[in-house]
Amino acid sequence: MSARAIRAAAWPLLLIAAAVLAQNDAPDARARAPIDLEGDWVSVVSEDWRWRLVTPAKGDYASVPLNAAGEQAADGWEPDADESSCLPYGAPSVLRVPTRLRIRWADENTLRIETEAGAQTRVLAFSAPVAAAASRQGRSSARWDGSALEVQTSNLLPGFLRRNGVPYSGSAELSEYFNTHGAYGDDGFTVTTIVRDPVYLREEFVTSSTFLRLPEGSAWQPTPCVEPAES
């Protein structure tokens, strides 16, 4: 077979390969979503309930790998100072708070997660996130990793990993992996959260939080928190 004939035979295969690559690199994240996270959801508190359903006692930071600086900060928490504070509702901890979620596509490359508790809004950008000042929810970059949603977040304001003053610093970063829940299919998902903080943690702090889908039209009553006054 001549070189020209070989090229002619190979050309359709090259076109197919190019189309597949173009589809994988397409900017339309919504169209490529391997799982359906849109909808209303509610927390299933099946683990760590004594730290999640009530405010733990001062000094109760069991299972959080605090270093000496973290323990000192947690031990200095004042129980009455942060009753309505937004400090426990930052990205590293807000999905651990018992809450309803409202997840919607803001556009074809931006997923929004609203929380009823604390009335927070997270913006997960599949395109490059817009530069901005540090915030409670930080700056989140998202991508599809197989059948999971992977989110990387930084540029955070300091906050609490638990309501009783267990801290994370502005240097904290987190990785999250959203997977549909095997027992419920598309009607449940679990997010595994990994917090890294060189200021207050001696190692990664790993948790998992599960949510179940709610019927359309379910109650939605956001409860805003109060940002602490600047010192």
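This is a short conversation about reading the barrel, the disulfide, the pocket and the cavities of a predicted model.

Me: Before we start, what should I know about the numbering and about how the model is treated?
Reply: Residues are numbered from 1 along each chain as its sequence is written, and side-chain values use heavy atoms, with hydrogens and water left out. The model is predicted, and local features need pLDDT of at least 70, side-chain atom pairs count only at pLDDT 80 or more, and totals for chains, interfaces and linings use all residues.

Me: Let's begin with the strands. Which strands make up the closed barrel?
Reply: First the terms: helices (H or I, at least four residues) and strands (E, at least two) are DSSP runs, numbered from the N terminus. Two strands pair if DSSP finds at least two bridges between them. Here, nine strands make a closed barrel in the order β1-β2-β3-β5-β6-β7-β10-β11-β12, with mixed pairing. From one strand to the next, the twist averages 30°; axes for such angles are lines fitted to C-alpha atoms, for helices over the stretch in contact, and angles run from 0 to 180 degrees between N-to-C directions.

Me: How do β1, β2 and β3 pair?
Reply: Strand β1 (residues 39-44) pairs with β2 in the antiparallel sense over four bridges. Strand β3 (residues 110-115) is also antiparallel to β2, joined to β2 by six bridges. A good residue to click on is Ile103: in β2, Ile103 is the bridge partner of Gly39, and Ile103 also stands opposite Ile113 in β3. β2 and β3 form a hairpin with two residues between them.

Me: And how many bridges join β11 to β12?
Reply: Eight bridges join β11 (residues 185-196) to β12 (residues 205-213), and the two strands run antiparallel. Phe189 stands opposite Phe211 in β12.

Me: Now the cysteines. Which two form a disulfide?
Reply: A disulfide is a covalent bond between the sulfur atoms of two cysteines. The cut-off used here is a pair of cysteine sulfur atoms within 2.5 Å. The structure holds one disulfide, formed by Cys86 and Cys225 with their sulfur atoms 1.9 Å apart. The link is right-handed, with 100° about the S-S bond. Cys86 lies in the loop between α3 (68-75) and β2 (100-107), and Cys225 in the segment after β13 (223-224), so the pair ties together parts that are 139 residues apart in sequence.

Me: Are Cys86 and Cys225 buried or exposed?
Reply: Buried means under 20% relative accessible area, exposed over 50%, and partly exposed in between (1.4 Å probe, protein chains only). Cys86 has a relative accessible area of 3% and is buried. Cys225, at 15%, counts as buried too.

Me: How do I read empty space, and what is the volume of the largest pocket?
Reply: Rolling a probe the size of a water molecule over the atoms shows where empty space is left. On a 1 Å grid over the protein atoms alone, a cavity is a set of points where a 1.4 Å probe fits but cannot get out, while a pocket is an open set with protein on both sides within 12 Å along at least five of seven lines; lining residues have an atom within 4 Å of a point. Grid points are joined across faces, edges and corners, and a volume is the space filled by probe spheres set on the points. The largest pocket has a volume of about 230 Å³. It is lined by 17 residues, and closest to its centre are Val123, Pro129, Val130, Gly138 and Arg139.

Me: Which strand gives the most to that lining?
Reply: β5 does, with four residues; β5 (121-125) and β6 (139-145) each supply at least two. The lining divides into seven nonpolar, eight polar and two charged residues, where Ala, Val, Leu, Ile, Met, Phe, Trp, Tyr, Cys and Pro count as nonpolar, Asp, Glu, Lys and Arg as charged, and the others, Gly among them, as polar. Arg139 sits in β6 and is partly exposed, at 29% relative accessible area.

Me: What lines the largest cavity?
Reply: The structure holds three cavities of 30 Å³ or more, and the largest has a volume of about 160 Å³. Of its 15 lining residues, Trp51, Arg52, Arg96, Leu161 and Arg162 lie nearest its centre. β8 gives the most, with three residues. By class, this lining has eight nonpolar, two polar and five charged residues. Arg162 also stands opposite Val166 in β9.
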